[in-house]
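Here is a short tour of one protein model, moving from a single side chain to the packed interior and back out to the surface. Keep the structure open beside you as you read.

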Amino acid sequence: MATSANRVDESPALTYGSYLALDEVLGAQHPRSAEHDEMLFIVIHQVYELWFKQLLHETAQLQRALEAGNTAHSLHTLRRILTVLKVVVAQIDVLETMTPRQFTSFRDRLDAASGFQSAQFRELEAALGRRDDQAWAHYPTGSDGRERILAAMARPSLYDSFLRYLAAQGYRIPETGLHRDVRAAAEPSPEIQQILHVVYSDDGGAAQVAERLVDLDEGLQEWRYRHVMMVRRTIGDKPGTGGSSGADYLRGTLFRPVFADLWAIRSRL
């Protein structure tokens, strides 16, 4: 009788295609029209979702590094997040090669589908600190997207992890900052802003982490701005697909900082 030690492995050899599941990935594009540009539209948005997945993966890793008080690993992960975010923003250049007329040629086939429905992006916003009932209200009760967004809103945000990191570095973060209700949005705190002023004055590793978080906040704002301008040049002020208000909604998301305390102290540094 053959034993497990000498049993022949008859499973197919791992290949580039099987490791990356390319049959599934490359077979996931299903245009609903014969228009040439619809393929670009689908591929770009599928790639966005893959990058959002990676950003969620890296943000979770960043929070673990911060909670462990590890400056080097935190900075390394932040650098990766910022680099991915730059790629995400740059992809808008590709999407903008499509003219309004080219988009209109297949837009009606999208029905109620809209980027507004990206559960992963809503989950990423929640991980960064957004607390807004409207972020999950559009997803059916019990759906995976709704549950993931709600779960992210019930966990400490990236900013909460940053405050715990500062405490681990010896900075006296007030108890109200360390043990707040993480289900609520973090409010600007004069006490924490005073501590952040000391962090910057010390000009050490913690200040570098703080600056990279500002870079992340700025990068997210760049994404929002490029996104709203891309929508405006493509559909003008028409309503968006899926019942959204299009550019009007996107404009309302601009200039809303994720890390309000880190911006509030800029004029004092």
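## Glu58 and its surroundings

Setting aside sequence neighbours within four places, Glu58 makes contact with Thr77, Arg80 and Ile81. Glu58 itself belongs to helix 3. Its relative accessibility is 5%, so Glu58 counts as buried, the cut-off being under 20%. Please bear in mind that this is a predicted model.

## The nonpolar cores

Now for the interior. The largest nonpolar core is made of 53 residues, and those with the most contacts inside it are Phe162, Leu166, Leu213, Leu216, Trp223 and Leu262. At least two residues of this core come from each of helix 3 (38–67), helix 4 (71–95), helix 5 (100–107), helix 6 (119–128), helix 8 (158–168), helix 10 (190–202) and helix 11 (205–235). Helix 11 gives the most, with twelve residues.

Trp223 is a good residue to look at here. Leaving aside neighbours within four places in sequence, Trp223 is in contact with Tyr48, Phe52, Val88, Val89, Ile92 and Phe121. There is also a second, separate core of seven residues, among them Ala126, Ile149, Ala152 and Met153.

## Arg183 on a loop

Finally, have a look at the loop between helix 9 (175–178) and helix 10, where Arg183 lies. With a relative accessible area of 61%, Arg183 is exposed. Beyond neighbours within four places in sequence, Arg183 is in contact with Arg131, Met153 and Ala154.

The side chains of Arg183 and Asp181 are joined by a polar contact of 3.0 Å. Leu150 is 33 residues from Arg183 in sequence, with a C-alpha to C-alpha distance of 9.3 Å.

Notes. Residues are numbered from 1 along each chain as its sequence is written. This is a predicted model: local features need pLDDT of at least 70, side-chain atom pairs count only at pLDDT 80 or more; totals for chains, interfaces and linings use all residues. Side-chain values use heavy atoms; hydrogens and water are left out. A nonpolar core is a set of buried Ala, Val, Leu, Ile, Met, Phe, Trp, Tyr and Cys residues joined through side-chain atoms within 4.5 Å. Buried means under 20% relative accessible area, exposed over 50%, partly exposed in between (1.4 Å probe, protein chains only). Helices (H or I, at least four residues) and strands (E, at least two) are DSSP runs, numbered from the N terminus. Contact means heavy atoms within 4.5 Å. A polar contact is a pair of N or O atoms within 3.5 Å; within protein, one must be able to donate a hydrogen and the other to accept it, and residues adjacent in sequence count only if both atoms are side-chain atoms.
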